[in-house]
Amino acid sequence: MAFILPFISTMNKRKNLSLLGKSESTSINPSNPASYHTPFRPAWWLKNCHLQSIWSAYFRKNVELNSRKERFELIDGDFIDAVWVGPKRGPIVVVLHGLEGSIESSYANAMLSAIENAGWRALFIHFRNCSTSRNRLDRYYHIGDTGDIMNVLSIIRNREPDVPLAGVGFSLGGNVLLKWLGEMGQNCPLLAGAAVSVPFKLATASDMASRGLSKYYEKTLLSLMKKAISKKFHDRKHPPIDITRVMNARSFREFDDTVTAPLHGFKDAGEYYQKSSSCFYLSGIRKPTLVIHAEDDPLVPPEAVPELSEFSKSTSVELYPYGGHLGFVSGNIPGVPEYWLEDRVIHYLKNFLPC
């Protein structure tokens, strides 16, 4: 997405965020000790939302991880490919990636490394069809599917009944995590969670992606999604979806109407968005949860961010004026970035996980 670099964009502020004033962020429960941390301040030379969003993906080098693979067999006959990072014993932090992400995604690599450095185990879960192997069933993965993470953690709980668990989700994975936390409430096996750059209201975020400069992100992601679907069904004489329509899809909504909805039992994209948006589950969260979001996120418009009153009292919300989508890069020296995000998440989780 290097073609985005020349552009400068200023996002409209949410009307109900005047309470931010000139402060760096706001939080529902600032008195909670677990919420305290040095607030994010963008690098002055990287303040633009698009630069924040693409910097890590294009300029941050991945580190070598001490990893080992495991395939989890699911109750429906399919599988999940996961990767363990870090020691073989101790607390586990489950990491959920974003749309068309994988363990090679820079934000995932950085978080896995940070979790390992904290002395915990990291379990990176590839959503179906996001690993190097093609899944068995026709179904794909989607932003509201919480069944697979529940299945995998049930297996882990059976093996290690008392192991401390936490979760971190990015973008699509953040929506899955928040939705699951809200569905499970107090029964959720996680001690704590953290979600970053979440598209809380999917219909609104989807429509935003087809406007302005955001359409370049949409175009890039759609290309990856189409290639993945083509690969999945390339040898099927009678695939369960109309491949021609898939290849002609020009927006997330058209893709979801053609692929996501029919493969997962939704009437259309509208029903899929309604039933999968994490915003409808936020009040049910009962485990300590950190939400980090930027007002200038180029993929999530301000109107897609819930009111503060919609979050439960168990949730610490940090909403920053800048940061882009999965960005949050600091640093006072041009060309010398400082990565705030991983440190913030680890600092939060240390309040709930033994070190």
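Which strands does helix α3, residues 147–159, lie across? Hold that thought while I set the scene. What we have here is a predicted model, and I'll start with the sheet.

So, the sheet: it's open, with eight strands in the order β1-β2-β4-β3-β5-β6-β7-β8, and the pairing is mixed. At the edges sit β1, 67–73, and β8, 315–320, each pairing on one side only. From one strand to the next, the twist averages 20°.

Back to the helix. α3 lies across β1, β2, β3, β4 and β5, and it runs at about 105° to β1. Then there's helix α2, residues 106–117, which lies across β2, β3, β4 and β5. Its angle to β4 is about 155°.

Now go to the β8 edge. β7, residues 289–294, pairs with β8 in the parallel sense, over six bridges. Within that pair, His 293 stands opposite Leu 319 of β8. Keep those two residues in mind, please.

On to cavities. Searching the whole structure gives two of 30 Å³ or more. The second largest has a volume of about 30 Å³, and here our two residues come back: its lining is Phe 200, Val 291, His 293, Val 305, Phe 311, Val 317 and Leu 319. β7 and β8 are the elements that give two or more residues to that lining. By class you get six nonpolar, one polar and no charged.

The largest cavity holds about 50 Å³ of space. Among the residues lining it are Arg 60, Tyr 107, Phe 328 and Glu 342. Its lining counts five nonpolar, two polar and two charged residues.

That's my tour, thanks.

Conventions. Residues are numbered from 1 along each chain as its sequence is written. This is a predicted model: local features need pLDDT of at least 70, side-chain atom pairs count only at pLDDT 80 or more; totals for chains, interfaces and linings use all residues. Side-chain values use heavy atoms; hydrogens and water are left out. Two strands pair if DSSP finds at least two bridges between them. Helices (H or I, at least four residues) and strands (E, at least two) are DSSP runs, numbered from the N terminus. Axes are lines fitted to C-alpha atoms, for helices over the stretch in contact, and angles run from 0 to 180 degrees between N-to-C directions. Contact means heavy atoms within 4.5 Å. On a 1 Å grid over the protein atoms alone, a cavity is a set of points where a 1.4 Å probe fits but cannot get out, and a pocket is an open set with protein on both sides within 12 Å along at least five of seven lines; lining residues have an atom within 4 Å of a point. Grid points are joined across faces, edges and corners, and a volume is the space filled by probe spheres set on the points. Ala, Val, Leu, Ile, Met, Phe, Trp, Tyr, Cys and Pro count as nonpolar, Asp, Glu, Lys and Arg as charged, and the others, Gly among them, as polar.
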